[in-house]
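This report describes selected features of one protein structure. The reader is invited to keep the structure in view while reading.

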Amino acid sequence: MAIEFNASDRATLGVEWELQLVDVNTRHLRQEAQQVLGELPDLSQAPAHPPLRHELMQCTVEVVTGICETVEEVRGDLAGSISRLGAAIEPRSLALMCSGTHPLDDWRDQTLSPVQRYGELIDQMQWLARRILTFGVHVHVGVRSAEKAIPIVNALAGYLPHFLALTASSPFWSGHDTGLASARAIVFGALPTAGPPPRLDDWASFEDYMETLLRAGTISSIKEVWWDVRPHPDFGTIEIRMFDGIPTLREVGMATALSQSLVQLFDQQLDRGYSLPSPAAWVVNDNKWRATRYGLDARVITDERGGTVPLRDDLYELVRELKPIADRLGCAEDLDVVSEVLHNGASYERQRAVIDQGGTINDVVDALTGEFRAGGFGPDRGSTTPYGNAAGESGAADRDTGAHNAGREQSSRKRGPSHAGA
């Protein structure tokens, strides 16, 4: 089975951000996506790749960028759409927010979106799909050939705990503390074709595997493969789907910069003839669980002998090694937000801090809507405001694609040759 990969010219970007519609008075989710999208037909009903879209539940609006060259452009594109969306929901006493799960609401109280493919998903998966009251961010990064796609996917699998711990934002499920950093990783990961990507040899192996799944009836389309990192042949990208729902535009920029810098690094290493790291499946799976449970406090496995390092230390080292590439890509300031998260806490830590300081679950929701409105977190909360005119900072991207046609040097744990600055 031949699968054409519509290669990108460079490490272009596309981002999908799933947002919650929250009642400002009750703090519960409101099932009004259809009405809200109906008020913005120019953004939601474009014949190809609209920037605002339905998701599985009526409490969700997905915001999608066009093809972007830089992280700054991604932030501007998202901010422009969110500004329009915010103006439309304000008269309805709604607020926007993003976290991997809603801290308070129950999946049984939600209404499904009137989209045929979601109805088919529910019919096939039943309870597994009905309970997906989860929210995430997907980052697409352009890759220049199919031959590079699978080695880069294999290498990125080693960074699932980094992606997840930095953005983990779902400690609560139906009003209860789960004890996890990311309940979303468990809920969505239960789908039979979700989870870490299998370690494949090359593009031909990917084609053979997809053909086998189709022949077996496991999937009806390769789009039903929801790996945490996957190649997207139509867009010519690698799609990183491991990120939990990200509460602020500033942190979305961070996740995008981290993704683009890694893909760019691995692309360059392949050009130089290096082999990329390809961690064993048990290491990938165990490390994902460690980040799911412990977040930034996890110790991650660094080799097949069972050596470990603190994830926080590994992230500091990762930022240091990626900085020369991020400088060249123009996203060094966005990548530096990793250090801010390590200092101020990831979202799951910030949410629990509200409770530890005597607050309630309603206060957690208020904190999340406040962060989203401010566009940042921590004492200063940044200066990027989704509801403001941030779109003017860089201009909106062309919207002629959907998420798009849209890349760390390894240290002592087999991260490959140290040429990040070359």
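The text below treats aromatic pairs and then a charged patch on the surface.

**Aromatic pairs**

The model is a predicted one. Across the whole structure, a search finds 7 aromatic pairs. Two of these pairs are set out in the table.

| Aromatic pair | Arrangement | Centre to centre | Angle between the planes |
|---|---|---|---|
| Tyr159 and Phe266 | tilted | 6.2 Å | 50 degrees |
| Trp203 and Phe206 | tilted | 4.7 Å | 40 degrees |

The pair of Tyr159 and Phe266 links distant parts of the chain, with the two positions 107 residues apart. Tyr159 belongs to the loop between α6 (146-156) and α7 (160-167), whereas Phe266 is part of helix α10 (residues 249-271). Are these two residues buried or exposed? Tyr159 has a relative accessible area of 2% and is therefore buried. Phe266 is also buried, because its relative accessible area is 0%. Both values are to be read against the cut-off for a buried residue, which is under 20% relative accessible area.

Trp203 and Phe206, by contrast, both lie in helix α9, 3 residues apart, or about one turn of the helix. Both of these residues are buried. Ring pairs also join Trp203 and Phe206 with Phe5, Tyr209 and Trp227 in a cluster.

**A charged patch on the surface**

Which residues gather in a patch of negative charge on the surface? The patch consists of Glu147, Asp201, Asp202 and Asp208. One of them, Asp201, is located in the loop between β8 (194-195) and α9 (203-216). Asp201 counts as exposed because its relative accessibility is 66%, and the cut-off for an exposed residue is over 50%.

How values were computed: Residues numbered from 1 in each chain as written. Predicted model: local features only at pLDDT ≥ 70, side-chain atom pairs only at ≥ 80, totals over all residues. Heavy atoms only, no water. Patch = residues over 30% accessible without salt bridge, like charges linked within 9 Å, V, L, I, M, F, W, Y side chains within 5 Å. Areas by Shrake-Rupley, 256 points an atom, 1.4 Å probe, with all protein chains shown as cover. Salt bridge = Lys/Arg side-chain N within 4 Å of Asp/Glu carboxyl O. Lys, Arg positive; Asp, Glu negative; His and termini not counted. Charge placed at Lys NZ, Arg CZ, Asp CG, Glu CD. Helix = DSSP H or I, 4+ residues; strand = E, 2+ residues; numbered from the N terminus. Buried < 20%, exposed > 50% of the residue type's maximum accessible area, 1.4 Å probe, protein only. Phe/Tyr/Trp six-rings, centres within 6.5 Å; stacked < 30°, edge-to-face > 60°.
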